[in-house]
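Student: Could you take me through one part of this model in close detail, and then place that part in the wider assembly?

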Number of protein chains: 2
Amino acid sequence: MTEYKREIALPSEPAGGAEILGFRPLYRQVKDHFVRRLVDGVWAPGTALPSEGQLAAELGVSQGTVRKALDELAAENLLVRRQGRGTFVAEHDEQRILFQFFKLVPDDGAARFPDSTVLATESAEADPAERQALALEVGETVLRIRRFRSLGDKPVILETISLPERRFPGLANGPIPNNLYSLFATRYGVTVAHAREKLKAVALSPEEARRLGTAAGTPALLIDRLALSLEGAPVERRLSLCLTEEAHYQSDLR
Amino acid sequence: MTEYKREIALPSEPAGGAEILGFRPLYRQVKDHFVRRLVDGVWAPGTALPSEGQLAAELGVSQGTVRKALDELAAENLLVRRQGRGTFVAEHDEQRILFQFFKLVPDDGAARFPDSTVLATESAEADPAERQALALEVGETVLRIRRFRSLGDKPVILETISLPERRFPGLANGPIPNNLYSLFATRYGVTVAHAREKLKAVALSPEEARRLGTAAGTPALLIDRLALSLEGAPVERRLSLCLTEEAHYQSDLR
DNA sequence: TAGTGGTCTAGACCACACA
DNA sequence: GTGTGGTCTAGACCACTAA
């Protein structure tokens, strides 16, 4: 193991790949290998990884190289490292979602996980916007979930979720849980790794206003979210209309 | 240098500090020391730092420890590292602002740095909201700048900037540049390191609508930004009203 | 060719959690 | 006490940049 520019022996590392892609450091290969294990469900959410030393021995690299790969995955919120305890696969529990994916917080008080009430679900052919967002072919179907969500008593969010039916067969058969991403992970092995949101200010239609218990024309925050899997594939599109009289969208620029 | 739990010899590192604050690793002390140099302007924006080896020798620590400190500062966008060239202090050029602080992008095309037209400036006693945001005492004054900004031809942002006059004396005497943060850095030695934004959807007042060339009641995105310095002190409060018919606020959740 | 940051290794020791 | 991640070191070599 004195050779520097090399590839570790793994099925996902075709020889010569480094030549095509340019220089690819060892810790990155190790990292990609670990991502593969996450994608394939070899390492399931909540479980503990082998120790750094074990992983290093297994792959034939130094502990420092394993460490760098694990550190990056932890920085991406895919793993959680706890000194003295071990390294764990991140779960989509409410705490993580609140921290990572839910940016609408009450003007006073702290962030809370909102309750959900499903209004309707339907299966339909994807419209052009859905096809574009979810990278679907013409004719493919989506499952649409329409629900409102409340912080405290008041409904503050009205959202329409579009899911590629091919990826989530039979999802509408059972009840729709409040925490969808957790369901994606446990039932379909799909991990939502990150998301892209586009925000606009819009006026509520009469129907939307009625659902949210307010007046038509009220300004609302429209959040167009595209959730991406570990592999970077689009998994969910979510249009959320949010009332912002007593809450705001928090964004930290670092 | 075999002792582990220790403090490097620096004026900013009072002996016993580690006891009060709990364990504080060496690389963190080194990092804080570097931040001090940035705050004090010893390392000015755009300049090159000494090499890792030089810094390590100077501080009496290993190169790896210096490296870890520099890596974290680079991750926070305070430094820029370039292989083969060196490590540089980040500047507030338009590219960085666009990337780090300006999240309103056209629905088509890519992000652009918007032009600005100053409508008015005034010096006044801080109102309660300004005092709260900027941590000012009763009676302290702020400089308010009101301007609109355009992407292409159309005015899309109407914003009111509040600055603590004590920190930026004489700012209103000269012309107000488009890129304020660059001015803060070069003329006042104040680096805006990050910012917190709170977004709401609101309806435009008749006056606001007139300024933006649209109808009263039009929904707009209200961005309430608080910019923080390297030390974490509030430096600027900015209220921006944004038209989002042809643009959106982009937020990436990782 | 010289100098810089980037990677990799091996080994020691520290802080922390848990049984 | 044992095992985990976290820190620190020293040294070698690689990749990149510019003179």
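Tutor: Let us take Leu163(A) in this predicted model, where, leaving aside residues up to four places away in sequence, Leu163(A) touches Leu134(A), Thr141(A), Val142(A), Leu143(A), Ile145(A), Phe168(A), Leu171(A), Phe184(A), Val235(A) and Glu236(A). Leu163(A) belongs to strand β6 of chain A, which covers residues 154-164, and with a relative accessible area of 1% Leu163(A) counts as buried, because the cut-off for that class is under 20%. Glu76(A), by contrast, lies 87 residues from Leu163(A) along the chain, and the C-alpha atoms of the two are separated by 24 Å.

Turning to the assembly, chain A is superposed on chain B by a rotation of 180 degrees with 0.0 Å of shift along its axis, at an RMSD of 0.1 Å. The two copies are therefore related as by a two-fold rotation axis, and the same surface serves both of them, since 100% of the contact residues of chain A recur in chain B.

A further feature to consider is the second largest pocket, which has a volume of about 360 Å³. The lining of this pocket is made up of 14 residues, with Gln132(B), Ala133(B), Lys198(B), Asp224(B) and Arg237(B) lying nearest its centre. The elements of chain B that contribute two or more residues to this lining are α6 (128-134), β7 (192-203) and β8 (219-229). Sorted by class, the lining of the second largest pocket holds 7 charged, 5 nonpolar and 2 polar residues.

Key:
Residues are numbered from 1 along each chain as its sequence is written. Chains are lettered from A and ligands numbered from 1 in the order in which they are written. This is a predicted model: local features need pLDDT of at least 70, side-chain atom pairs count only at pLDDT 80 or more; totals for chains, interfaces and linings use all residues. Side-chain values use heavy atoms; hydrogens and water are left out. Copies are superposed by least squares on the C-alpha atoms of residues with pLDDT of at least 70 in both. Contact means heavy atoms within 4.5 Å. Helices (H or I, at least four residues) and strands (E, at least two) are DSSP runs, numbered from the N terminus. Buried means under 20% relative accessible area, exposed over 50%, partly exposed in between (1.4 Å probe, protein chains only). On a 1 Å grid over the protein atoms alone, a cavity is a set of points where a 1.4 Å probe fits but cannot get out, and a pocket is an open set with protein on both sides within 12 Å along at least five of seven lines; lining residues have an atom within 4 Å of a point. Grid points are joined across faces, edges and corners, and a volume is the space filled by probe spheres set on the points. Ala, Val, Leu, Ile, Met, Phe, Trp, Tyr, Cys and Pro count as nonpolar, Asp, Glu, Lys and Arg as charged, and the others, Gly among them, as polar.
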